[in-house]
Amino acid sequence: MIQLLRRSLQLRLLIAFLLMGIIPYLFIMLYFTYWGSANIIEQQNIRYALQAEQSKQLIQSRIEQLVREMQFLSQLEIFDEMIALDVDYRISRLLEKKSKIGEKSPLLLYAVDEKGEIIASSSSKILHQPYKIKTTEAFYIEDKVLHVSLALYSSFDSRSLGYLLAEYPLENLKQFLPENISLRASLLRGEKEHTFKLEGALKSYELFYRVDEKSELAFIHQFMLYLSIVFMFGIMLIYFISRRLTYQIIQPIAALTQAAEEIISTKNYDLRVQNSAIDETGTLALMFNRLTATASEALKSLARENSFRMQRFIDLTDMLNHIARLENEADCINVSIEKLRAIIPYEINFIEDASTHHKGVFIPLYLTDFSSGEHVLYGHLVVKKDAYDDEDEERFLSSVAAMIMLQIERILLIKEIKSASAAKSDFISGMSHELRTPLNAIIGFSQYLVAYEELNDEQIDIIVKIEKASVHLLNIINDILDISKIEAGKIEVHVSNILVQGILQECVDITIPLAKEKSLAFYLEFESIDDLVWRTDAKLFKQIIINLLSNAIKFTNEGSVTLNAVYKEDKLLITVIDTGIGIKKESLDMIFDAFTQLKNAKSTHQKGTGLGLSLSRHIAQTLNAELVLESEGEDKGSRAILLFNP
Amino acid sequence: MLIVDDEVMNRDVMHKILSKEGMDVYEAENGRIALDMISQDKFDLVLMDLMMPVMDGFEAIEAIRSKLKEKMPIITVSATNSAENITRAKALGADEYLMKPYHLMTMLETVKRVLK
């Protein structure tokens, strides 16, 4: 409940208004309920009591008066006449006169003599009627009539003459009683009754009144009822008015809340709140709208800026992509300028010489010289404006300049590499020719001498040595040139279908003399390669196999060399196993490096260029094969494993 | 037979060997001289170097085949051994290709083969 109240201003206002209407009513009702009635009742009580008292006095004085009058009467001498006759009309007339006291129910006065005979009466009706003496009491009440009897005495000798009787209907006392007070014979006191005992003749009687609360309070109740009805209407009125007022407060708030929610969810900052009131809520709505408008403007401006920057970024990236593909400095500059002109709103140019008459902001372009590492001024970009708009723009243009220069550097670098590469290739091919020519002469003449001239053994020996040395030199040259060609990517690969077994046999044929020279055993292990045809470059294939075989033979002084070829799972595995001087584990990595020949205790100067394995590896790479060298260690032989993948 | 090569030493070696084999050997320095000589005399075999000044081997071979319409065997002898050159030489009309430096035996073998 508390939560509900805390959350709803509307509810609080409504309750406040209603309470303002209810509370007075409540207080009034409370008062009447607890104190009012009691007060009123008590007031009434007091009033009635007074009245009763008053009545009592009146009644008693009346009775007393009656008694006095009777007493007076009784002392009249006329009554002496009573004994004279049966009925005394004079006394009757007197009595009749006296009885006319103008009360409602007539008073009966009559005189009764000693014998009990009525001798005079105020009413002719009861003349001649016998009189029963009921009691000796002076007063008694019977049938709501007060009987008063006074003894009559003669005025002469005070002899008892009889009695003077009065019958006074108690009814007559009603004149002394206000409405709510009644006369009755004494009863047991009731709770709601208030009694006033009478004295004297009426001592057996009492006055009593009931305070009829209902009727007493009837007025109050009526008033309260009236009040309640008024209150009902009042409450309804309050309710409607308060609702209206509350609405006038809450509705603008709700409208604002809703508008805010909508703006948040739809991000539509152009939404406005409608409110035509000119009071505080109107002002609130107006300010809200202005706030939204400000925010909207700011966001739009930000978005525009963002979009602008994004566009710039894209354009810049686009420009860089373009110039990245160019291979020419001039193109690079021109395209850059062209693209830049689209990106920045100013005229921009490239000038080599800053001393010309261009005006504007100069952005220097620096190149890094490869060899010296120095920054060299390449030229300037000139932007036709007086100064930069802001720091960002300056930074932007500087970055652009740097990137352009990066591309230029790259282009120059590529050019240089290409020309260096071209120079190298040319050199190599030139050298190839240059080197071979003299060698041709040396080898040729040596061979000639041995073949055609008469020489003694010693001379032949010398010349053969010359020839061998030349051939060795030739091999070195060939290896160098081959490696260079492979590295330069200039080796020509002619793929054809080769008969594996045939080629391997050729390689064996070529190298087996070398093995025989060293008295080494030569073993062939061919498995599943009988009709195997492989697609590769025949020349290179031969070259690598021969290379590996001659290497194995070279580094084996005793034992055997085995050529193992296996075709399994679509792969061709060729292994050259020797029982030679082996390779230290640590050296296994180095072995493929060009010009490395491993120093080994047992190895004397080995023939070989040191390029053999390096070249083999290059050839393997070219043929899309893997070459691995394995050895258990020194003197434990080695294995060259060549794996051809499909 | 005619040996065409710009290097004197190369010509010398071949001359000596072939003479010893009992052949009649003549020499030319470049393709142009070779053509002159061929147009004047009859030769049984031409050993043509490829890299020569004035007129190189390719041009000479082409000229021999198409202009002079000589049908004698031509062996190209060259230090360059690219497949490209081999193909080109053969396409122009060479019959064999020898790579320098050549083994004595190989050269003799080729010559003898071609003369048959």
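**Notes on a predicted two-chain model**

1. Let's start inside chain B, at B:Met48, which sits in strand β3, residues 46–49. Keep in mind as you read that this is a predicted model. B:Met48 has a relative accessibility of 0%, so it counts as buried, the cut-off being under 20%. Setting aside residues up to four places away in sequence, its contacts are B:Val4, B:Gly57, B:Ala60, B:Ile61, B:Ile64, B:Ile74, B:Ile75, B:Thr76 and B:Val77. If you want a distance to check on screen, try B:Gly31: it is 17 residues from B:Met48 in sequence, and their C-alpha atoms are 8.3 Å apart.

2. Now zoom out to the whole of chain B. You should be able to pick out five helices and five strands, and going along the sequence they follow the pattern β-α-β-α-β-α-β-α-β-α. Chain B has 116 residues, and 52% of them count as buried. Take its contacts with a separation of 6 or more: 57% of these involve residues 24 or more positions apart. As for the outside, the accessible surface of chain B is about 5,500 Å², with 50% of that belonging to carbon and sulfur atoms.

3. Next, have a look at where the two chains meet. Here 21 residues of chain B are in contact with 19 residues of chain A. The size of an interface is often given as the accessible area lost when the parts come together. For chain B and chain A, the buried area is about 1,900 Å², 63% of it on carbon and sulfur atoms. Which elements of chain B give two or more residues to the side that touches chain A? They are α1 (8–20), α4 (83–92) and α5 (104–115). The largest share, seven residues, comes from α1(B). Sorted by class, this side of chain B has 10 nonpolar, four polar and seven charged residues.

4. What about specific pairs across that interface? The rule finds zero salt bridges between chain B and chain A, but it does find three residue pairs in polar contact, both residues being at pLDDT 80 or more.

5. Salt bridges do turn up elsewhere: the count over all chains is 16. Side chains of opposite charge can pair when their charged atoms come close. In chain B, B:Arg11 and B:Glu27 form one such bridge, at 2.9 Å from N to O. B:Arg11 belongs to helix α1 and B:Glu27 to strand β2 (residues 26–28), so the pair ties together parts 16 residues apart in sequence. B:Arg11 is buried at 8% relative accessible area, whereas B:Glu27 is partly exposed at 29%.

6. Chain A has its own examples. A:Asp270 and A:Lys300 meet in a salt bridge at 3.2 Å, N to O. A:Asp270 is in the loop between α4 (213–266) and α5 (280–324), while A:Lys300 is in helix α5, so this pair links parts 30 residues apart in sequence. A:Asp270 is partly exposed at 45% relative accessibility, and A:Lys300 is partly exposed at 36%. Another bridge, also at 3.2 Å from N to O, joins A:Glu393 and A:Lys385; both of those residues are buried.

7. One last stop in chain A is A:Gln407, found in helix α7, residues 391–452. Buried or exposed? A:Gln407 is buried, with a relative accessible area of 13%. Beyond its neighbours within four places in sequence, it is in contact with A:Leu320, A:Ile323, A:Ala324 and A:Cys332.

Notes: Residues numbered from 1 in each chain as written. Chains lettered and ligands numbered in written order. Predicted model: local features only at pLDDT ≥ 70, side-chain atom pairs only at ≥ 80, totals over all residues. Heavy atoms only, no water. Helix = DSSP H or I, 4+ residues; strand = E, 2+ residues; numbered from the N terminus. Buried < 20%, exposed > 50% of the residue type's maximum accessible area, 1.4 Å probe, protein only. Contact = heavy atoms within 4.5 Å. Areas by Shrake-Rupley, 256 points an atom, 1.4 Å probe, with all protein chains shown as cover. Buried area = accessible area lost by both parts, 1.4 Å probe. Salt bridge = Lys/Arg side-chain N within 4 Å of Asp/Glu carboxyl O. Polar contact = N/O pair within 3.5 Å; in protein donor to acceptor, adjacent residues only side chain to side chain. Nonpolar A, V, L, I, M, F, W, Y, C, P; charged D, E, K, R; others polar.
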